[in-house]
Every structure is written in C-alpha cells, then in structure tokens.
Amino acid sequence: MLSPVSMAESSNEWADVPISTGGTRNYAKFINLLLSSISQTNPNVKCRVFCYGWEKELIDSFKRVHEARFVDVPVDIGIQNSVKSNSRSGEVLKLKIQSIRKSLEEATESGILWIDADSVVTRSLQPLFSVIASGEYDILCTRRKHRKRSHLIFALGAMGLSNTITAKCFINNLEKRIEKSSGIDGWFQDQLEFHDAFMEVKPRLYPLGREEHTLKGVVDSMIYARRETVDLTPMEVAKYHRIDCKEVENLPDSIYPL
C-alpha cells in the first residue's frame, strides 16, 4: 500500500497550502534564507512571516526583496532584552504557537504549514501540501517514539495543520496550555505542552520522515533544520542544492551561525 506521501506524489492535484514562519530580529538572516529557498523551490506558495519585535526599517527591507506578508508582532521587555543579549527566549515559543493558531484561524485554504526560521527548503513541498489538503490527518510533525521524556517526543520545527475541527481544537488547547508553561529549564514550552495537548485531544497524526523533515543533517530532506549537533548549516545546505540567498539590506547579527 502506498504511503500518504507516495499517493500525493502520484496525484496531479496541487494543494494550495500557505507557509508561515517567524522569529525575533536576530533570526532575520535565517528568515531571509528560508524565504529565498521557498521562492526558488516552491515559487507559487504564499508565505506569512511573523516579525517578533522587528523595527519598521527591517520589515521594509524584507518587503523590498520578498513577496510575502509580514506581520508586526510587539514583544515585551523580557524578549527585547534576550534579543539585545543575542540569546534565545522561551517566551518566543509562546508567540510561535499563537502565530500558528492565528494562521490556521484565518486560513481560507485546506490548512497551513509552519516552518521554523532556521530551516531551508530544498525541493517541492507538494507531497506535504497534498497530505494536509487531504483532510485525512489533523497534524503533521516529527515524532520520535524512542524518546522517553515527554518534551522530546515531538519536534515542531515543521508542523502542518489541516483545516479540520480537531486541528483547531488541538491548537486552541495548545495555546491555552503554553501560556502558563515554564517549560524545561526555560525552554521546550512548545514541545512539552504539545505532548500533553496531543494526549488529551488525540488528533490524527502524520509523522514526518527524515526525507521530509530532518533533525539529523539529511541534506536531501525537503525541510532541513539547523541543529548544534549537525555540522552543515542551512546556508551550506542551500549552496549544496544551488539555492541562491537573496540580499536584504542591513540584516542584524544572527543568533546562530548561518
């Protein structure tokens, strides 16, 4: 029997599923690369970027280069201080889940796909779009069954949600949980609360394989995610796939090597 992705690849149906991403200003270089890779590998896909605490000048610089919708999201002083010190903030993970909920809530399409800023798309995402559009699954993400600790079981660097009642119930449940979450050592709020919301709502899950979303440095994966434990950076993977990164003026320093 063909897997859902195999079935999607054998179908001529194009699924109109928009992509959302987001980050603080010290992820701007990553977002520039991600948008560049999407425009080259999936040129007809609509993108929305949630700009957490960006100044207007930075948003305007992106608008001059990329055809995407940029959403200005104000941030509190705690996140502002984290950006100034070029460190990560668990509070941004709460903004991420809010952004995903908002994207799905406003979607007129069959669903949405979230991709973390520090990723690069290497080829067509049509197989994943078709799975989302099929309505046979509520959630798409990476599941690591071998992990024992609840906050490590689900990896959410790439997450698809179908426009189903269950998916909306799930993301609303997750947003309420994460608002009160302190995470694990100030991080993992999204993955920890995702696990508990998943166990309560029990959405239909399509687990992404390594050829679709990699945390292990698989260079031919559809969505390549940056990890400290992996040698190749997203920029190096983009160059491997001959993906050109567009030039945006006055990009701020990056939190991690690009």
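Helices here are DSSP runs of at least four residues, numbered from the N terminus. In this predicted model, helix H5 covers residues 90-106, and Lys96 lies in it.

Start with that lysine. Lys96 has 5% relative accessibility, and buried means under 20%, so Lys96 counts as buried. What does Lys96 touch, once its neighbours within four places in sequence are left aside? The contacts are Tyr52, Trp114, Asp116, Leu156, Gly157 and Asp190. Several of these names lead on to other parts of the fold.

Take Trp114 next. This contact of Lys96 belongs to strand E4, residues 111-115. E4 is mostly covered, with five of its five residues buried. Its side chains split by direction. Gly111, Leu113 and Ile115 point one way, while Ile112 and Trp114 point the other way. Both sets are buried.

E4 has pairing partners. With E1, the sense is parallel, over two bridges. Here Ser20 has Trp114 in E4 as its bridge partner. With E7, E4 runs antiparallel, and five bridges join the two strands. Ile112 stands opposite Leu161 of E7. E7 spans 154-162. Trp114 thus ties two threads together: Trp114 is in contact with Lys96 and is the bridge partner of Ser20.

Now turn to a separate set of strands. Three of them form an open sheet in the order E5-E10-E9, with mixed pairing. Strand E5 (119-121) and strand E9 (213-214) are the edges, each pairing on one side only. E9 pairs with strand E10 (residues 223-225) in the parallel sense, over two bridges. In that pairing, Thr214 has Tyr224 of E10 as its bridge partner.

The largest pocket brings many of these elements together. Its space is about 1000 Å³. Of the 48 residues that line this pocket, Asp116, Trp187, Gln191, Arg226 and Arg227 are the closest to its centre. Asp116 is a residue already met, as a contact of Lys96.

Which elements each supply at least two residues of the lining? They are strand E1 (19-24), helix H4 (77-84), H5, strand E6 (139-143), strand E7 (154-162), helix H9 (189-201) and E9. H5 is the helix that holds Lys96. E1 and E7 each pair with E4. E9 is an edge strand of the open sheet.

The chemistry of the lining is mixed. Its residues divide into 19 nonpolar, 16 polar and 13 charged.

Conventions: Residues numbered from 1 in each chain as written. Predicted model: local features only at pLDDT ≥ 70, side-chain atom pairs only at ≥ 80, totals over all residues. Heavy atoms only, no water. Buried < 20%, exposed > 50% of the residue type's maximum accessible area, 1.4 Å probe, protein only. Contact = heavy atoms within 4.5 Å. Pairing = 2+ DSSP bridges. 1 Å grid on protein atoms, 1.4 Å probe; cavity = no way out; pocket = protein on both sides within 12 Å on 5 of 7 lines; lining within 4 Å. Points joined across faces, edges and corners; volume = space filled by probe spheres on them. Nonpolar A, V, L, I, M, F, W, Y, C, P; charged D, E, K, R; others polar.
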